[in-house]
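Here is a short tour of one protein model, written for someone meeting it for the first time. Take a look at the sequence and structure, then read on.

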Amino acid sequence: MPGTDRPGRIVVVGASLAGLRAAEALRDNGFTGELTLVGEEDRPPYDRPPLSKAVLLGRVRAADVTLPARRAVDARWRLGVRAEGVDLTHRTVLLAGGERLPYDRLLIATGTRARPWPHPGEAALHGVLALRTAADAALLSGLLDAGPRRVLVIGAGFTGSEIASACRGRGLDVTVVERGPAPLVGALGGTLGAFAAALQRAHGVDLRCGVTVTSLQGRDGRLVGAELSDGGRIEADVAVVCLGAVRNTEWLDGSGLAAGPRGLACDAGCRAFDMYGIVTDDVFVAGDVARFPHPLFEYQLLSLEHWGNAVAQAEVAAHNMISEGPRRRPHLAVPAFWSSQFGLNIKSVGVPTFSDRVVIAQGSPAERRLVAVYGYRGRVTAAVSVNRAKSLEYYERLIESAAPFPPDPATTDRTVAPTPVPSDVPDPRQLSHGPTVALTGHLPDRRGLALVRRES
Ligand SMILES: Cc1cc2nc3c(=O)[nH]c(=O)nc-3n(C[C@H](O)[C@H](O)[C@H](O)COP(=O)(O)OP(=O)(O)OC[C@H]3O[C@@H](n4cnc5c(N)ncnc54)[C@H](O)[C@@H]3O)c2cc1C
């Protein structure tokens, strides 16, 4: 039955995947009130995954990457407009230019942006760019069309690895510089990292691991090369900065919401926390900007950058925004994402970084067809397939049911049970950000918090 318990005005800030899917779900669920979507980008919502794949391979133009609408949303679209603040007391969103948009419920879906190259002068060189938006992809495609002598990719996470793959697919020389011991290590750990390193080298990538780029060099305003921490030097006329994502939360500074470098924290029903950890009832959050607790992962707050999570969480947020207490739902989807690179299809379910052991349960790196299963304290927490996606449903059920790790050999295609090894994922106890709040006051009724934002 459609949930129209709570009519009124809804404002969605962030008009991309999560924002659009939430708007559609609101209407699907029977919301008939006033709906406004505010988006900083000046084009309607589009799909980002093809930007580092089909667009760079020249198969689709960046201008043609769209998100198919599931239904008409009958909304007021405020595109090309940045939200600059929220006033929780008066329930208004402050827009650039000074306008205040009143709301009864607010959805925050402002996602992430690419972490920029830290030296502004070097970042401004022609040929240096990051990839997050369709405009970035159009620019990078143009640079690749011009046939650069060499492309330098800084950072070998998923985006960097996909860009390197597209460059090799176009026959371009590419150097990948990665600070960690192997590509994809931060997301998938040591075993698949070693596999990814061998894969990149087999495809002709000049892969340098355990090294950082110390400076980018230009001549007449154009990139000509880079210096590396091991004393090496690369000549390149394009450098793609793939240093990960930054959550778009700064606009919430001073709002009183629990927003920081890891995202905006919320409960399992997508309701945002205020900075004291008290749940709000009229501010919701979904997509890459959200940090949410998941019972399967010890209720740790997860910050994901997965297309499927943005959709599922937006749908739950929309349902809960217009439903009263007992009819609300938790966001309990098992995290999942995919990537395609170097002719392989990589899919993941669960949270590979939430692990201490990994085992190749099916196939092998030599076959380039495998399933790696991850475990934490004796239970299955994730699985990653390479060209073997069909098996993932089975492992998803093992994750959902907290099945013992390693999985029963009867479920593998082996006669001898494979041996688990340490998963070598980054230690979750190593904090990568400084504190974002400090306690103030001493008397119980004066106890408070102040935001501390440190430049990273
Ligand atoms: C190159 C690339 C490849 C990817 N490939 C994959 C893949 O293969 N598989 C996968 O699972 N996921 C992939 N992803 C991730 C996936 O695209 C994201 O998970 C998804 O886009 C998240 O959607 P979102 O709506 O939460 O955030 P976003 O898509 O980041 O959208 C947030 C929107 O909010 C806007 N905004 C930000 N701040 C403000 C403000 N203050 N006021 C108004 N508007 C604001 C932004 O401009 C943006 O349009 C990829 C992402 C990129 C960039």
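A polar contact is a pair of N or O atoms within 3.5 Å; within protein, one must be able to donate a hydrogen and the other to accept it, and residues adjacent in sequence count only if both atoms are side-chain atoms. Between domain 1 and domain 2, 3 residue pairs are in polar contact, both at pLDDT 80 or more.

This is a predicted model, where local features need pLDDT of at least 70, side-chain atom pairs count only at pLDDT 80 or more, and totals for chains, interfaces and linings use all residues. Residues are numbered from 1 along each chain as its sequence is written, and side-chain values use heavy atoms, with hydrogens and water left out.

The domain bounds come from an automatic or database domain assignment:

| Domain | Residues |
|---|---|
| domain 1 | 9-49 + 66-111 + 248-327 |
| domain 2 | 114-245 |
| domain 3 | 343-425 |

So how far apart are the C-alpha centres of domain 1 and domain 2? They lie 32 Å apart. The contact (heavy atoms within 4.5 Å) takes 6 residues from domain 1 and 4 residues from domain 2.

The two bury about 420 Å² between them, with carbon and sulfur atoms giving 43% of that; buried area is the accessible area (1.4 Å probe) that two parts lose on being put together, summed over both. On the domain 1 side, Y46, R48 and E305 supply 63% of the area buried against domain 2, more than any other three residues.

The rule also finds 1 salt bridge across this interface, meaning a side-chain nitrogen of Lys or Arg within 4 Å of a carboxyl oxygen of Asp or Glu. The side chains of R132 and D288 meet in a salt bridge at 3.4 Å, N to O.
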